[in-house]
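Please work through the following exercises with the sequence and the 3D structure side by side. Each task is followed by a solution that goes step by step.

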Amino acid sequence: MASQKSSDSEKTTSRAPRRKRGHDRVESLVNAGVHVFSEKGYDGATMTEIASHAEAAIGSLYQFFAKKEALAAEIHQRNLVTLTELLEQLATDASGTSAPSAIDLLFERLLEFLAENPAFIVVAERRDIDPQFKKQARAKLRKALYGLLGNVEPPVPSSRRQALAALILSLIRLAANLVRDDDPTIREPALTELQIMLRAHLHAATN
């Protein structure tokens, strides 16, 4: 749990639990935070609603997360760890496949990630994120994507990988926003078009 400030974590004032009961309570509070943030948005969510959803006393929530920023930071960091691991594993699993096939696999796993982490884009786009943390998180995700682009067959030229990794990361953010669109007649076709565009672009870059 993120309870300290470091080069790889956001500034929080959360208190780390010492016993299993405390860990279980934190998990309940984090899950409640995910639900309320995804339903109400970051600005619209309140600590009172989060505690209520967790069926916990408001004092219990403040015991572990002194403010809403701390809870959002905890969720954000967990999401980033999962997403980074997903992209690193994808770079390995897509080794030797064509760039379009790698993009298909990326979208498949990305959509699973977004379904399992519905508050991701909400906590990732809040205004109170430490800029240095944001920069370092982007760098890790781009590095994983850079590796993916080098592992496809034929590989994306090294001179283009950095820029394309940054582009794909921006498109992941766009996909995350599209997933939250409540109109399926827009959401599904738009995600498909995004996937088609990226497949075609990377096919051209490797041929």
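The exercises below move from the whole chain to single residues and their pairings.

The model is predicted, so that local features need pLDDT of at least 70 and side-chain atom pairs count only at pLDDT 80 or more, while totals for chains, interfaces and linings use all residues. Residues are numbered from 1 along each chain as its sequence is written, and side-chain values use heavy atoms, with hydrogens and water left out.

**Exercise 1. The overall fold**

Task: Describe the secondary structure of the protein chain and state what share of its residues is buried.

Solution: Begin with the elements, where helices (H or I, at least four residues) and strands (E, at least two) are DSSP runs numbered from the N terminus. By this rule the protein chain has 9 helices and 0 strands, and its pattern along the sequence is α-α-α-α-α-α-α-α-α. Next take burial, for which buried means under 20% relative accessible area, exposed over 50%, and partly exposed in between (1.4 Å probe, protein chains only). Of the 207 residues, 44% count as buried. Finally consider contacts, meaning heavy atoms within 4.5 Å: among those with a separation of 6 or more, 69% are between residues 24 or more positions apart.

**Exercise 2. A leucine in helix H4**

Task: Decide whether Leu-80 is buried or exposed, and list its contacts beyond its neighbours within four places in sequence.

Solution: First locate Leu-80, which is found in helix H4 (residues 68-93). Its relative accessibility is 11%, and therefore Leu-80 counts as buried. Then leave aside the neighbours within four places in sequence, and the contacts of Leu-80 are Phe-120, Phe-133, Ala-137 and Leu-141. For Leu-141, which is 61 residues away along the chain, the C-alpha atom is separated from that of Leu-80 by 8.5 Å.

**Exercise 3. Salt bridges around Arg-78**

Task: Find the acidic partners of Arg-78 and say which parts of the chain each salt bridge joins.

Solution: Start from the general point that side chains of opposite charge can pair when their charged atoms come close. A salt bridge is a side-chain nitrogen of Lys or Arg within 4 Å of a carboxyl oxygen of Asp or Glu, and the count by this rule comes to 10. One of these joins Arg-78 to Glu-27, at 2.7 Å from N to O. Arg-78 lies in helix H4 and Glu-27 in helix H1 (residues 20-40), so this pair ties together parts that are 51 residues apart in sequence. Arg-78 also forms a salt bridge with Glu-74, with the closest N and O atoms 2.9 Å apart; these two residues are 4 residues apart in helix H4 and thus separated by about one helical turn. Then compare accessibility: Arg-78 is partly exposed at 30%, Glu-27 is partly exposed at 34%, and Glu-74 is buried at 3%.

As a further step, examine Arg-187 and Glu-188, whose side chains meet in a salt bridge of 3.1 Å from N to O. Arg-187 counts as buried at 18% relative accessibility, whereas Glu-188 is partly exposed at 41%. Returning to the earlier residues, salt bridges that share partners join Glu-27, Glu-74 and Arg-78 into one network.

**Exercise 4. Backbone details in two loops**

Task: Identify the residues joined by a cis peptide bond, and the residue other than glycine whose phi is near 55 degrees.

Solution: A cis peptide bond joins Glu-153 and Pro-154, with omega about -5 degrees, and Pro-154 is found in the loop between H7 and helix H8 (158-179). The positive phi, near 55 degrees, belongs to Glu-55, which lies in the loop between helix H2 (47-53) and helix H3 (58-64). Glu-55 is exposed, with a relative accessible area of 75%.
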